[in-house]
Structure formats: structure tokens, C-alpha cells
Amino acid sequence: MTTWTLAERAAKMNSSAIREILKLTDRPGIISMAGGLPSPKAFPLDAFTAACQSVMERDGAAALQYSTTEGFAPLRQAIADFLPWDVNPEQILITTGSQQALDLIGKVFLDKGSRLLVEKPTYLGALQAFTPMEPVAVGVDSDDEGMLIEDFARQVGSGADKARVAYVLPNFQNPTGRTMSEARRQALVEKAKELNIPLVEDNPYGDLWYEQEPALPLAARNPEGVIYMGSFSKVLAPGLRIGFIVAPASVYGKLTQAKQAADLHTPSFNQRVVAEVIKDGFLDRHVPTIRAMYKVQRDAMLNALEREMAGLGVSWTRPVGGMFLWLQLPEGMDAQQLLAGAVERGMAFVPGAPFYAGEPQNNTLRLSYVTVTAEQIDKGIAALAEAIKAYA
């Protein structure tokens with residue numbers, strides 16, 4: 001019998017808590033508010049059908065050939081043109097989804113024991129991507145406007161223990177749905193610059209605003225001190241696996257080398273199809289339809305919570321964009337234990353504990369409203385309220 005000896009980093013790898021929950025809840029009759037999937041109703045099928053045909057007729061051989069690691073030049077230019085600050089397309093690296101961007105950033109900047117600052121709570125997929133590098137992830141106290149600057153400064157560390165990077169999601173954060181205010185953004189950028197802490201800004205949801213466009217990105221305020229991440233998963237389709245990094249010239253080359261070692265380049269065909277779809281201002285016409293649809297579902301969930309949670313001691317965020325809403329249960333309740341009761345009553349959510357670096361807050365949970373109808377939202381939230389009442 002062959003014995004396989006795993007690397008130490010392999011022992012640190014773990015399955016996504018969300019993926020495991022989806023396995024348990026993926027059965028008929030369950031109203032799932034657990035997944036972070038965009039609604040398939042938002043996928044522009046006709047536009048992709050036409051783009052695929054156009055790419056194959058015009059550039060078929062090139063689309064199926066190996067390509068450059070940095071990415072398809074017209075797509076990089078289109079991204080630069082779309083971003084709300086002056087970006088040189090030579091700063092843009094096309095990645096195989098935002099998840100690969102996180103992986104590359106972890107490989108390039110984190111060693112075993114490196115201090116890494118994240119929000120409390122933060123995106124579970126980022127923790128999962130960074131964990132194999134064996135950093136010490138430190139949660140920074142956060143409120144409805146994002147990281148608290150005082151605690152950010154306290155947690156930075158010094159000497160060999162000084163934080164390598166701080167990872168933040170300013171817009172409609174996953175998991176909480178909160179948005180960093182203009183004042184907090186400016187204060188964070190200034191404090192990070194003062195303390196010489198690079199920032200990693202993840203912005204997969206920034207175009208999904210409901211009332212007004214978010215404030216200027218952190219990267220626009222200090223382009224040399226921030227790596228910016230974006231994605232087409234939420235505004236076009238996640239199956240394409242097209243994301244991107246905007247990086248300062250000082251670190252762009254090393255990220256490109258890490259990308260080259262990982263997969264040579266993101267699929268050429270997918271890049272060309274996306275470039276074909278988004279030309280001529282398609283996103284300016286398409287994204288507002290997604291916003292309108294998600295806003296209706298967000299409103300339905302907020303209304304259902306107001307109605308069903310009255311008197312139960314539950315509080316929740318009121319996101320102004322994105323896909324998620326965050327619930328805080330009464331002290332002493334454990335969302336992981338509550339999940340079983342919710343599933344028995346026909347609904348599912350994601351417990352909040354896995355979204356924390358370090359000590360979790362067990363009385364929290366995440367709900368997604370974008371893949372469920374208003375009717376399903378009403379039934380699901382009512383079922384959640386019944387589970388809370390029955391919790392023992």
C-alpha cells in the first residue's frame with residue numbers, strides 16, 4: 001500500500017463551510033438563502049450566444065490557442081476604461097476569477113506566520129485562499145462603516161510581526177452587506193499610508209448598487225498602496241471565471257509570475273467572449289436590470305424580517321447594494337445549532353462563525369436574497385422565525 005505524505009500546508013486546507021452546507025440543503029423543498037450565487041435570470045444568454053459565434057468566426061484559431069499571461073489586451077483596455085479612476089491597462093492582470101486573485105496575492109505576499117489583517121467578519125473564500133500560506137489572520141473590529149481605524153492601528157503590529165497586508169471589501173461586503181463610508185475610506189487609506197500597510201481591496205459587488213453609486217475606491221485614493229480586485233462573475237456570469245487585479249507596477253511583475261506558474265493564462269476564448277460582450281457599452285445597459293431585480297428581492301427580505309422577527313431580539317443589516325444581509329441573533333444562540341431547526345422547517349442559511357478570523361461570533365448568520373423569489377423569501381423568513389422561537 002502506497003503512503004502519501006502531505007505537505008504541511010495541505011493539512012491547513014479545508015472545505016468551504018458554505019459548500020458543505022449547500023450539500024446538506026440541496027434537496028427538493030428547501031428554500032436556500034445560503035449560497036452566494038448570482039441569479040441565473042441575470043445571465044445575458046443572447047449576448048453570449050452572439051459573442052461566441054462572432055469570436056469563433058473572426059478569431060477562432062487565436063481564441064483556442066495559448067496566450068499571454070497578462071491577459072487579452074482589448075479586455076484589459078476595456079476594464080481600464082470602465083474603472084472610475086485613471087488606470088493604465090498595463091497594470092491589469094486577468095485572473096481565473098477573483099478566487100485566483102486571492103490565491104496569487106497570498107502566494108506573493110504571505111509567509112508562514114505573516115500577520116494579515118481582515119475585517120470582522122470577512123469573506124470566507126479569502127480566508128480559505130490565504131490559509132495554505134499559513135499566515136496569522138487577525139480580525140479588526142468593524143462596524144456598519146467598515147474597519148474601525150483605531151483598532152486597525154492597534155492590530156498592525158511592529159517589526160517582524162508587522163502586518164504584510166490588510167484585506168477589505170468596501171462595497172456591500174460579503175457576508176454583512178455593509179458599505180464603507182466616504183469618511184472611513186479616506187481615513188483607512190491615510191492611516192494605512194502612514195503606517196506603511198498595503199491594502200488589498202476586493203470589489204466583486206460594487207456595480208450592484210440600489211440607491212446610489214458607492215464612493216471612490218481605495219485604490220483611486222492611493223494607487224501605489226492598494227491592490228484592487230474585480231470580477232465579471234456578478235455582472236455577467238460566474239462560470240466564465242474572469243476576474244482581474246489592478247496592481248502597482250512595483251508588484252505587478254511578481255503577481256504575473258505567480259499567475260504564469262499557476263495556469264499560464266486565463267482561458268483565451270473566455271476572455272475574448274467577455275471583451276466582445278462588453279464592447280459598445282453593454283454593461284451600462286445590462287447592469288441596471290440586475291440592480292432593479294435584486295433591489296426588489298432585497299426589499300422583500302427586509303419587509304419579511306420586519307414582519308416575522310418582531311419581538312425576537314434579532315437585528316440585521318440593511319444593505320444598499322450587493323447580495324447579502326447579516327443577522328445577529330440574541331446572545332447565547334448558536335446559528336450552527338439553529339440551522340438544523342431551520343432546515344427541518346424548509347429553509348437554509350449560512351452560520352456566521354466561519355467568516356471570522358480567530359474568535360467567532362456564533363450568534364450570527366448570512367442570508368442571500370438574489371436567487372429566491374419574493375414568495376420564497378416570505379416563506380423562508382417565516383420558517384427561520386419559527387426555528388428561532390423553537391430554539392432550545
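**Close-up 1. The largest pocket in this predicted model has a volume of about 660 Å³.** Start by finding the residues closest to the pocket's centre: Phe82, Leu83, Pro84, Asp207 and Leu283, out of 34 that line the pocket. Then look for the elements that give two or more residues to the lining, which are α4 (73-82), β9 (226-231), α11 (268-278) and α12 (282-308). Of these, α12 gives the most, with five residues. What classes of residue make up the lining? Count 22 nonpolar, six polar and six charged residues. If you wonder how such a space gets found at all, rolling a probe the size of a water molecule over the atoms shows where empty space is left.

**Close-up 2. Helix α10 runs over residues 249-263.** Its 15 residues reach 22 Å from the first C-alpha to the last, close to the 21 Å expected at 1.5 Å a residue. Now check which residues are tucked away: Val251, Tyr252, Leu255, Thr256, Ala258 and Lys259 are the buried ones. Seen down the axis of α10, these buried residues fall within an arc of 165 degrees, so they line one face of the helix. Why can residues spread along a helix share a face? An α-helix has 3.6 residues a turn, so residues three or four places apart point the same way. Turn to the face away from the buried side of α10 and you'll meet the exposed residues Ser250 and Ala261.

**Close-up 3. Here are the neighbours of α10 and the residue that follows the helix.** The buried residues of α10 pack against α4, β2 (92-95), α5 (97-109), β9 and β10 (243-246). You've already met two of these, since α4 and β9 also give residues to the lining of the largest pocket. After α10 comes Leu264, and its phi is positive, near 65 degrees.

**Close-up 4. Helix α8 covers residues 182-195.** This helix has 14 residues and reaches 20 Å from its first C-alpha to its last, close to the 20 Å expected at 1.5 Å a residue. Look for the buried Arg184, Arg185, Leu188, Val189 and Ala192. Down the axis of α8, the buried residues fall within an arc of 130 degrees, so they line one face of the helix. Ala183, Lys193 and Glu194 sit on the other side of α8 and are exposed. What do the buried residues of α8 pack against? Their partners are β5 (142-143), β6 (146-147), α7 (149-155), β7 (165-168), β8 (199-202) and α9 (218-221). Just past the end of α8, Asn196 has a positive phi of about 60 degrees.

Methods: Residues are numbered from 1 along each chain as its sequence is written. This is a predicted model: local features need pLDDT of at least 70, side-chain atom pairs count only at pLDDT 80 or more; totals for chains, interfaces and linings use all residues. Side-chain values use heavy atoms; hydrogens and water are left out. On a 1 Å grid over the protein atoms alone, a cavity is a set of points where a 1.4 Å probe fits but cannot get out, and a pocket is an open set with protein on both sides within 12 Å along at least five of seven lines; lining residues have an atom within 4 Å of a point. Grid points are joined across faces, edges and corners, and a volume is the space filled by probe spheres set on the points. Helices (H or I, at least four residues) and strands (E, at least two) are DSSP runs, numbered from the N terminus. Ala, Val, Leu, Ile, Met, Phe, Trp, Tyr, Cys and Pro count as nonpolar, Asp, Glu, Lys and Arg as charged, and the others, Gly among them, as polar. The expected span of a helix is 1.5 Å times one less than its number of residues. Buried means under 20% relative accessible area, exposed over 50%, partly exposed in between (1.4 Å probe, protein chains only). The arc is that of the directions from the helix axis to the C-beta atoms. Contact means heavy atoms within 4.5 Å.
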